[in-house]
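Me: I'd like to learn how to read aromatic pairs and burial in a model. Can you walk me through it?

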Amino acid sequence: AMQFATPPWWYSGAGLAGQVVRLSREAVELHARLSELLLEGLASAAVTTGLPIVRPLWWIAPADAAALSTNTQFLLGDAVMVVAVVRPLSDASVQSVYVPEGCWQHCNGTVFYSGGRAFSERLSLNYIPYLCRLQTSAPTSSGCATAATGGTFCSALPCSS
């Protein structure tokens, strides 16, 4: 299920109504495309293991002080980390993103991060930034690895900035 606290068409200030409705429609379409993957993968695993689908970052790094204090990111399962947009955006909005240990591939597919550090992510209303945790532990000259632990779920998520 997907909910909106305020209906998208109620936004009328500064000519936002059309943009808010368009972005809301895109989010609903993305949710519809991913529902099957969520239900077949993460939800069925949640039923058998009792683990939540949406998890805090510290779930996979309980001894990592930075992961414990991060409240602007969350996990879908153990392999997909979503960067939440938690404040109004401007043309120059940048947010610090912390990646716990491991090797993480940005949703754009071309940037890899070694865990245990933060990087800056330029935010936009036009996409939801996320990273996929890869099976290898450290980046190599050709990236990290080809197979993400997120499997089809990661490859099905669109990203464009």
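**Reading rings and burial**

Reply: Sure. Keep in mind that this is a predicted model. Let's begin with a single residue: W58 is partly exposed, at a relative accessible area of 37%.

Me: And W59, what is its relative accessible area?

Reply: For W59 the value is 30%, so W59 is partly exposed too.

Me: How many aromatic pairs does the structure hold?

Reply: There are 2 aromatic pairs. In one of them, the ring centres of W58 and W59 sit 6.0 Å apart with the planes at 40 degrees, so we call the pair tilted.

Me: What do I need to describe such a pair in general?

Reply: You need two things: the distance of the centres and the angle of the planes. Now try Y113 and F119: this aromatic pair has 3.8 Å centre to centre and 10 degrees between the planes, and it is stacked.

Me: Why does that one count as stacked?

Reply: Because planes under 30 degrees apart count as stacked, and Y113 and F119 have 10 degrees between theirs.

Me: Are Y113 and F119 buried or exposed?

Reply: Y113 is buried, with a relative accessible area of 11%. F119 counts as buried as well, at 8% relative accessibility.

Me: Let's try Q105. Where does it lie?

Reply: Q105 lies in strand 5, which covers residues 103–106. At 19% relative accessibility Q105 counts as buried, because the cut-off is under 20%.

Me: Which residues is Q105 in contact with, leaving aside its neighbours within four places in sequence?

Reply: Q105 is in contact with T110, V111 and F112, and also with Y130, L131, C132 and L134.

Terms used: Residues numbered from 1 in each chain as written. Predicted model: local features only at pLDDT ≥ 70, side-chain atom pairs only at ≥ 80, totals over all residues. Heavy atoms only, no water. Helix = DSSP H or I, 4+ residues; strand = E, 2+ residues; numbered from the N terminus. Buried < 20%, exposed > 50% of the residue type's maximum accessible area, 1.4 Å probe, protein only. Contact = heavy atoms within 4.5 Å. Phe/Tyr/Trp six-rings, centres within 6.5 Å; stacked < 30°, edge-to-face > 60°.
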